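Me: Please take a close look at one part of this structure and explain it to someone who has not met it before. I would like one connected account that begins with a single side chain and then moves outward to its surroundings.

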Amino acid sequence: MNQQMLKTVSVQAATQRIRRRVDIGLGFALLRDRRCALAKKALALLLGVGGMCLIQVLEIPLELLTVILGSPIGLEDGIEAIVWPILLACAMLPHLESKELVEEIRRERLAI
């Protein structure tokens, strides 16, 4: 019983660490926030486009992923050229912005 509880707690802790590293919601909040520098937003979007191009060069089928994940919400063909760079940018932006601003926005999001 104790081993099962310990395993559950360690899995939850690992999940929290992963969510803290890749927080797409926080990235969206940073994209909308005026305190975040425009240059860092543009850099994140350029890195997102570059990441999408790299994924396509490696021949990972983004269209298939978009169809599988987007069909229930009505995303059409070709939308991956817009959605994937933005998602990648939102995943990277918290790592590009200063830690103080990221923590401040994270606290503001938790307070709501």
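Reply: Arg106 counts as buried, because its relative accessibility is 13%; buried means under 20% relative accessible area, exposed means over 50%, and partly exposed lies in between, with a 1.4 Å probe and protein chains only. The model is a predicted one, in which local features need pLDDT of at least 70 and side-chain atom pairs count only at pLDDT 80 or more, while totals for chains, interfaces and linings use all residues. Residues are numbered from 1 along each chain as its sequence is written, and side-chain values use heavy atoms, with hydrogens and water left out.

The side chain of Arg106 meets that of Glu103 in a salt bridge, at 2.8 Å from N to O. A salt bridge here is a side-chain nitrogen of Lys or Arg within 4 Å of a carboxyl oxygen of Asp or Glu, and by this rule the count comes to six. Side chains of opposite charge can pair when their charged atoms come close. Arg106 and Glu103 both belong to helix α6, where they stand three residues apart, about one turn of the helix. Helices (H or I, at least four residues) and strands (E, at least two) are DSSP runs, numbered from the N terminus. Unlike the buried Arg106, Glu103 is partly exposed, because its relative accessibility is 28%.

Another salt bridge joins Glu104 to Arg35, at 2.6 Å from N to O. Glu104 lies in helix α6 and Arg35 in the loop between α2 and α3, so this pair ties together parts that are 69 residues apart in sequence. Glu104 is partly exposed, with a relative accessible area of 32%, and Arg35 is partly exposed too, at 39%. Arg35 also meets Asp33 in a salt bridge of 2.9 Å, N to O. Asp33 counts as buried, at 14% relative accessibility. A network of salt bridges links Asp33, Arg35, Glu104 and Glu108.

The loop between α5 and α6 holds Glu97. This residue is buried, with a relative accessible area of 10%. Leaving aside residues up to four places away in sequence, Glu97 touches Leu30, Cys36, Ala37, Lys40 and Val102; a contact means heavy atoms within 4.5 Å.

Leu30 leads to helix α2, in which Leu26, Gly27, Ala29 and Leu30 are buried. Seen down the axis of α2, these buried residues fall within an arc of 160°, so they line one face of the helix; the arc is that of the directions from the helix axis to the C-beta atoms. The buried residues of α2 pack against α3, α5 and α6 (99-111). At the start of α2, a side-chain oxygen of Asp23 comes to within 3.4 Å of the backbone nitrogen of Gly25.

Phe28 also lies in helix α2, but it counts as partly exposed, at 32% relative accessibility. Phe28 joins Val22, Ile24, Leu45, Ile82 and Ile86 in a nonpolar patch on the surface, and together these residues have about 450 Å² of accessible area. Patches are made of residues with over 30% relative accessible area and no salt bridge; like charges are joined within 9 Å, and nonpolar side chains (Val, Leu, Ile, Met, Phe, Trp, Tyr) within 5 Å. Accessible areas come from the Shrake-Rupley method with a 1.4 Å probe, and for residues only the protein chains shown count as cover. Helices α2 (24-32) and α5 (80-96) each supply at least two residues of the nonpolar patch.

Helix α3, which spans residues 38-57, contains Gly50. Gly50 counts as partly exposed, at 36% relative accessibility. Its C-alpha atom is separated by 9.5 Å from that of Leu88, although the two residues are 38 residues apart along the chain.

The whole protein completes the picture. It has six helices and zero strands. Of its 112 residues, 24% count as buried. The protein exposes about 8300 Å², of which carbon and sulfur atoms supply 66%. Among contacts between residues at least 6 apart in sequence, 78% join residues at least 24 apart.

Note on methods:
A polar contact is a pair of N or O atoms within 3.5 Å; within protein, one must be able to donate a hydrogen and the other to accept it, and residues adjacent in sequence count only if both atoms are side-chain atoms.
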